[in-house]
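Work through the exercises below with the sequence and the model open. Try each task before reading its solution.

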Amino acid sequence: GLLEKLESYEAELQRRRAESARLREKYKVRIKENYIKVPQVDINYEEPGSQERGDLIQGWFTISQKPSMCIKGGQVLITFDEEKGNQSIIIKILLKFHVPCECGTLTAKPQKINLPVVAYEVYTHTYSRDLQLSNVISSMEDERIKDRLTISFSRPSKGGGEVENVVYDRNTGNGLITFLHPGVALSLAQAGIFQVDLEAEKMVEVAPAFQYRLQRFQTFCGFPRRTVLMSGIKDLDEEDILKESLEVFFQKPSNSGGEIAHIRYISKKKSLHAFFSCDDLADADI
């Protein structure tokens, strides 16, 4: 009836969500410093969609690095409400600004910001009837191992189902179980481990059977349209007081500034990471 269909759809939705979360975790990467310096940052995932065709589930993901930079002591990062203030300061990139404060005069030199960004696409093919095995170690003959695996994975009480085929490689300890019906493999794979009966009860690792490929790998370098970095600032007073002096100075259009959306000053011996939106970047030469 309708209730049974609804429950079936809800179960399928939960399975798809779990598989999506597992794939997101699977494809987390660490960007290494190679041709250009790329900081290690969080990665944004976009999931345009997935498509299921019989035993094959196809998925595709866009993975992009979130632009970031490290701000060190004696630097201030200023984001203006409009791009005009940033451009005025960048024009004077070779100059220094002398900012009055309660304890003297601050010297601030603008610096151009270059932010490397990496993006690529991941395409996956997941086979809904296949289950990959690893750490299957036993002294028994290969055929006996296959029989024991067939018996273990056929038990409905353990979440199994009718097994169509078993492949086992003694050299690697890996195997592949093919079930008669789709869905059983993906359900078991969510646990990550499964108890099988060999010489004794043993836990083996299980995972979905899938293939993936990376394509459209892109790198580019940009700079924030509304943000400027200044350095060479001495700690003449407390951090908050210096921040206010800098904000007052660069709010004024006569100082090549403008209305400030955000400002962050870092005193000596401190550092932090600033993150930017790709939408706020303009292309720059590396």
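Buried means under 20% relative accessible area, exposed means over 50%, and partly exposed lies in between. The model is a predicted one.

**Exercise 1. A salt bridge across the chain**

Task: Classify R129 and E164 by burial, and state where each residue of this salt bridge lies.

Solution.
- Step 1. Check the distance. The closest N and O atoms of R129 and E164 are 3.4 Å apart. The cut-off for a salt bridge is 4 Å.
- Step 2. Place the partners. R129 sits in strand β7 (residues 115-134) and E164 in strand β8 (residues 163-169). They are 35 residues apart, so the pair links distant parts of the chain.
- Step 3. Classify R129. Its relative accessibility is 17%, so R129 is buried.
- Step 4. Classify E164. Its relative accessibility is 46%, so E164 is partly exposed.

**Exercise 2. Two more salt bridges**

Task: The structure holds six salt bridges. Take K146 with E143, then E239 with K270, and describe how each pair is placed along the chain.

Solution.
- Step 1. Start with K146 and E143. Their side chains meet in a salt bridge at 3.8 Å, N to O.
- Step 2. Locate them. Both lie in helix α3 (residues 142-153), three residues apart, which means about one helical turn separates them.
- Step 3. Add burial. K146 is partly exposed at 23% relative accessible area. E143 is exposed at 52%.
- Step 4. Turn to E239 and K270. Their side chains form a salt bridge at 3.4 Å, N to O. E239 is in helix α5 (residues 239-251), and K270 is in the loop between β13 (260-266) and β14 (271-275). This pair links distant parts of the chain, 31 residues apart.
- Step 5. Classify K270. At 46% relative accessible area, K270 is partly exposed.

**Exercise 3. Helix α3: span and buried face**

Task: Test the span of α3 against expectation, then find where its buried residues point.

Solution.
- Step 1. Work out the expected span. Helix α3 has 12 residues, and at 1.5 Å a residue it should span 16 Å.
- Step 2. Compare with the model. The end C-alpha atoms of α3 are 16 Å apart, which agrees.
- Step 3. List the buried residues. In α3 they are I145, L149, S152 and F153.
- Step 4. Look down the axis of α3. Its buried residues fall within an arc of 85°, so they line one face of the helix.
- Step 5. Ask what covers them. The cover includes β7, β8, β9 (174-179), α4 (184-189), β10 (193-197) and β11 (201-224).

**Exercise 4. Aromatic pairs**

Task: Count the aromatic pairs. Then decide whether Y120 with F217 and F153 with F194 are stacked or edge-to-face.

Solution.
- Step 1. Count. There are seven aromatic pairs.
- Step 2. Take Y120 and F217. Their ring centres are 5.9 Å apart and their planes meet at 20°, so the pair is stacked. Planes under 30 degrees apart count as stacked.
- Step 3. Place this pair. Y120 lies in strand β7 and F217 in strand β11, so the pair ties together parts 97 residues apart in sequence.
- Step 4. Add burial. Y120 is buried at 9% relative accessibility, whereas F217 is exposed at 58%.
- Step 5. Take F153 and F194. Their ring centres are 4.3 Å apart and their planes are at 15°, so this pair is stacked. F153 is in helix α3 and F194 in strand β10, 41 residues apart. Both F153 and F194 are buried.
- Step 6. Look for a cluster. Ring pairs link F97, F249 and F250 into one.

**Exercise 5. Two residues in strands**

Task: Describe the surroundings of E121 and M203.

Solution.
- Step 1. Place E121. It is found in strand β7. At 15% relative accessible area, E121 is buried.
- Step 2. Find its polar partner. The side chain of E121 makes a polar contact with the side chain of Y123 at 2.9 Å.
- Step 3. Go beyond four places in sequence. There E121 is in contact with F61, T62, R213, L214, Q215 and R216.
- Step 4. Place M203. It is found in strand β11 and is partly exposed at 39% relative accessible area.
- Step 5. List its contacts. Leaving aside neighbours within four places in sequence, M203 touches N135, I193, F194 and Q195.
- Step 6. Check one of them by C-alpha distance. M203 and I193 are 10 residues apart along the chain, and their C-alpha atoms are separated by 6.3 Å.

Definitions and conventions:
Residues are numbered from 1 along each chain as its sequence is written. This is a predicted model: local features need pLDDT of at least 70, side-chain atom pairs count only at pLDDT 80 or more; totals for chains, interfaces and linings use all residues. Side-chain values use heavy atoms; hydrogens and water are left out. Helices (H or I, at least four residues) and strands (E, at least two) are DSSP runs, numbered from the N terminus. Buried means under 20% relative accessible area, exposed over 50%, partly exposed in between (1.4 Å probe, protein chains only). A polar contact is a pair of N or O atoms within 3.5 Å; within protein, one must be able to donate a hydrogen and the other to accept it, and residues adjacent in sequence count only if both atoms are side-chain atoms. Contact means heavy atoms within 4.5 Å. The expected span of a helix is 1.5 Å times one less than its number of residues. The arc is that of the directions from the helix axis to the C-beta atoms. Rings of Phe, Tyr and Trp (its six-membered ring) pair if their centres lie within 6.5 Å; planes under 30 degrees apart count as stacked, over 60 as edge-to-face and the rest as tilted.
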